[in-house]
Amino acid sequence: MADLNQDTVTEAVIAQMASTPDPRMRQVMESLVRHLHGFAREVKLTPEEWLAAIGFLTRVGQACTPYRQEFILLSDTLGLSRLVNLMDDQANRVGEATETSLLGPFYREAAPQFGYGDSIAVHARGPEMMLFGRVVNEKNEGVPNAIVEIWSTDADGAYDLQANDPSVMDMRGQFRTDAQGRYAIRTLIPLGYSIPMDGPVGDMVRAQRRHGFRPAHIHMLVGAEGYRELVTALYLGNDPHIDSDTVFGVSETLIVQPRTGLADSPDPGLPSVHYDFHISRRAPHDKSGRVGADPSKVTAE
Ligand SMILES: [Fe+2]
């Protein structure tokens, strides 16, 4: 242990952690130390810079509340959430299954239940749209009784947690598909929004001269007994930030554009989107694809 220098300290740390019984933890921590040390060497990290970084991470933790998860926002804005999702998708997504997107920090458990074609806008007002289609399996057969959960901003770009006091749930709900696997949801046309810029992640984004906006989108979580839970979102193609999402959530196959006059829309007079969600059978090792979570479950109080 004596005479450690900048070339030997990394191996000394890894040698000391070699007693870790859990092999996955040992692997992850060894790699983390190698990359952290490599990063510090590469940028020639100074003590002042490292203290500033610790101060930043401390502020990120302090910004977390039961209704705000600044660490998820940091992970999202660094593209790490998307990377983890993409790797999980590549490992587990089967065939034509719908691509995943980020769960984000605004998902809430126990959203109200609605019937076919109901509106999730209980309090919010604005231009309406219809989202409808089927939940189908790998053979393109409708999946009956699937849960289709939606959460979205209102027409001003705010989620319920931002627009109201936290006891109010609005612009979110759970639907069940019918015997043919069909669902229909009346909602408001969402507006793109800025990520929360009043915390340390906002400071970082501003310092990088990034705009901080997400293109307008509708979050979806689709699940059925025996199927892999699908966490995804639909993005409005005419949004000015469709190609520069601050959290890197957009995929080409998830871009939609509401149009009036769709003959099969439950309300053809409304701008409508027909979107079929393709879900795949759950494999024995499958876990939920949720990256991020209900903040109340990941925030220590
Ligand atoms: Fe969102």
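**Exercise 1. A pair at the surface boundary**

Start from Arg-182, which is partly exposed with a relative accessible area of 37%, and find which side chain meets Arg-182 in a salt bridge.

*Solution.* Keep in mind that you are working with a predicted model.
- Step 1: the partner is Asp-178, and the N to O distance is 2.9 Å.
- Step 2: a salt bridge needs the nitrogen and the carboxyl oxygen within 4 Å, and the 2.9 Å of Asp-178 and Arg-182 meets that cut-off.
- Step 3: Asp-178 has 22% relative accessibility, so Asp-178 counts as partly exposed. The limit for buried is under 20%.

**Exercise 2. Two helices joined**

Work out which parts of the chain the salt bridge between Glu-11 and Arg-34 ties together.

*Solution.*
- Step 1: check the pair. The closest N and O atoms of Glu-11 and Arg-34 are 2.7 Å apart.
- Step 2: place both residues. Glu-11 belongs to helix 1 (residues 9-16) and Arg-34 to helix 2 (residues 23-43), so the bridge ties together parts 23 residues apart in sequence.
- Step 3: look at the surroundings. Glu-11 is partly exposed at 42% relative accessible area, and Arg-34 is partly exposed too, at 35%.
- Step 4: widen the view. Glu-30 joins Glu-11 and Arg-34 in a network of salt bridges.

A search of the whole structure gives 13 salt bridges, so there is plenty left to explore on your own.

**Exercise 3. A charged pair, inside or outside?**

Decide whether Arg-108 and Asp-160 are buried or exposed, and say how far apart they lie along the chain.

*Solution.*
- Step 1: the two form a salt bridge with their closest N and O atoms 3.0 Å apart.
- Step 2: Arg-108 sits in the loop between helix 5 (80-92) and strand 1 (128-136), while Asp-160 is in helix 6 (residues 160-163). The pair therefore links distant parts of the chain, 52 residues apart.
- Step 3: both Arg-108 and Asp-160 turn out to be buried.

**Exercise 4. The iron site**

Name the protein donors of the iron ion and classify their arrangement.

*Solution.*
- Step 1: collect the donor atoms. They are OH of Tyr-159, OH of Tyr-193, NE2 of His-217 and NE2 of His-219, at 1.9 to 2.2 Å from the iron ion.
- Step 2: read the spacing along the chain, which is Y-x33-Y-x23-H-x1-H.
- Step 3: test the geometry. Four donors count as tetrahedral if all angles lie between 85 and 135 degrees. The four donor atoms here subtend angles of 91 to 163°, so the arrangement is irregular.
- Step 4: check the accessibility of the histidines. His-217 is buried at 1%, and His-219 is buried at 2%.

**Exercise 5. Inside strand 1**

Describe the environment of Met-130, using its place in the chain and the residues it touches.

*Solution.*
- Step 1: Met-130 lies in strand 1.
- Step 2: Met-130 has a relative accessible area of 1%, so it counts as buried.
- Step 3: setting aside residues up to four places away in sequence, the contacts of Met-130 include Ala-184, Ile-185 and Arg-186, as well as Ser-265, Pro-266 and Asp-267. Leu-270, Pro-271, Ser-272 and Val-273 are among them as well.
- Step 4: for a sense of scale, the C-alpha atoms of Met-130 and Leu-4 are 65 Å apart, with their positions 126 residues apart in sequence.

**Exercise 6. The whole chain**

Summarise the protein chain by its domains, its secondary structure and its confidence.

*Solution.*
- Step 1: the chain divides into domain 1 (9-45) and domain 2 (70-294). Taken over C-alpha atoms, the centres of the two domains are 37 Å apart.
- Step 2: there are eight helices and eleven strands, and the C-alpha atoms fill a box of roughly 75 × 40 × 35 Å along the principal axes.
- Step 3: 45% of the 301 residues count as buried. Of the contacts between residues at least 6 apart in sequence, 72% join residues at least 24 apart.
- Step 4: the mean pLDDT is 91, with 94% of the residues at 70 or more. Over residues 291-301, though, the pLDDT is below 50, and this stretch has 27 contacts in the model beyond near neighbours in sequence.
- Step 5: apply the usual caution. Where pLDDT is low, predicted coordinates should not be read in detail.

Note on methods
Residues numbered from 1 in each chain as written. Predicted model: local features only at pLDDT ≥ 70, side-chain atom pairs only at ≥ 80, totals over all residues. Heavy atoms only, no water. Helix = DSSP H or I, 4+ residues; strand = E, 2+ residues; numbered from the N terminus. Buried < 20%, exposed > 50% of the residue type's maximum accessible area, 1.4 Å probe, protein only. Donors = N, O, S within 2.8 Å, 3.2 Å for Na, K, Ca; no water. Tetrahedral: all angles 85-135°; square planar, octahedral: opposite > 155°, others 65-115°. Domains from an automatic or database assignment. pLDDT = per-residue confidence, 0-100. Contact = heavy atoms within 4.5 Å.
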